[in-house]
Amino acid sequence: MTKSRRFTQLDSVWPAGLGRRLGAMLYDGFLVTAIWIAVTVAHLAFFRFVLGQQAEEIGTTPFDIWSLRLMLLFFVTLFFVYSWRRGGMTLGMQAWRLRVQTIDGHAITLKQSLIRCVTAWLSLAALGIGYWWVLFDPQRRSWPDIASNTQTVVLPKK
């Protein structure tokens, strides 16, 4: 098994608070919306022009609906997993100087990324309690941090 990349600036980072996390989530929400729009357009075009469905028929069958839902989930998960694995951060996290890393400062694994995604959806579905948890945890960890054994840290200004 290859050792993942170790990040720099480990002595000058600190656990991210709720405000920064919410700011990054807002920024990433715009990116997620753009991804969903692009996937939906591609899905509609496929059903209309490749499968030959009439425009008014698209989205009326369980297959149409569930295939779109699965594609939306897949591509958003791919966005987060790719971003976290590549550099520890999404575009929203870059803007707020946040990074996800292992406890010892390495890039997170594929398994940790997937666990973070699933736990993030559960945290949001529980009215955001998984993120509000940061206010009560002594190490400022959210549910995704705890479940995936990772941490979200603030990077110092350059």
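## A walk along helix H2 and its surroundings

Start by selecting residues 62–87: this is helix H2, 26 residues that reach 38 Å from the first C-alpha to the last, close to the 38 Å expected at 1.5 Å a residue. Keep in mind as you click around that this is a predicted model.

**Stop 1: the buried side of H2.** Show side chains for Asp64, Ser67, Leu68, Leu72, Val76, Thr77, Phe79, Phe80, Val81, Ser83, Trp84 and Gly87, which are buried in H2. An α-helix has 3.6 residues a turn, so residues three or four places apart point the same way. Now add the packing partners of those buried residues: helix H1 (18–50), helix H3 (91–95), strand S2 (98–102) and helix H4 (110–125). Before leaving, step just past the end of H2 to Gly88, where phi is positive, about 80°.

**Stop 2: the nonpolar core.** Which residues touch the most other members of the largest nonpolar core? Pick Phe80, Trp84, Met93 and Leu98, out of 22 residues in that core. H1, H2, S2 and strand S3 (150–154) are the elements giving two or more residues to this core, and H2 provides its largest share, 7 residues.

**Stop 3: Phe80 close up.** Centre the view on Phe80 and hide its neighbours within four places in sequence; what remains in contact with Phe80 is Asp28, Val32, Thr90 and Cys117.

**Stop 4: the largest pocket.** Switch on a pocket surface and look for a volume of about 480 Å³, the largest pocket here. It is lined by 23 residues, and Met25, Asp28, Phe80, Ala120 and Tyr131 are the closest to its centre. So which element gives the largest share of the lining? Colour H1, which supplies 8 residues. H1, H2, S2 and H4 each put at least two residues into the lining.

**Stop 5: the annotated spans.** Finish with the record. UniProt, in an unreviewed entry, lists residues 30–51, 63–84 and 114–134 under "transmembrane region". Select 30–51 and you get 95% helix and 0% strand, with the end C-alpha atoms 30 Å apart. Residues 63–84 come out at 100% helix and 0% strand, with 31 Å between the end C-alpha atoms. Then zoom out to residues 15–149, listed by UniProt as "domain: RDD" (unreviewed entry). That span is 67% helix and 4% strand, and its end C-alpha atoms lie 14 Å apart.

Definitions and conventions
Residues numbered from 1 in each chain as written. Predicted model: local features only at pLDDT ≥ 70, side-chain atom pairs only at ≥ 80, totals over all residues. Heavy atoms only, no water. UniProt positions renumbered as here; feature names shortened; annotations may be inferred. Expected span 1.5 Å × (residues − 1). Buried < 20%, exposed > 50% of the residue type's maximum accessible area, 1.4 Å probe, protein only. Contact = heavy atoms within 4.5 Å. Core = buried A, V, L, I, M, F, W, Y, C linked by side-chain atoms within 4.5 Å. 1 Å grid on protein atoms, 1.4 Å probe; cavity = no way out; pocket = protein on both sides within 12 Å on 5 of 7 lines; lining within 4 Å. Points joined across faces, edges and corners; volume = space filled by probe spheres on them.
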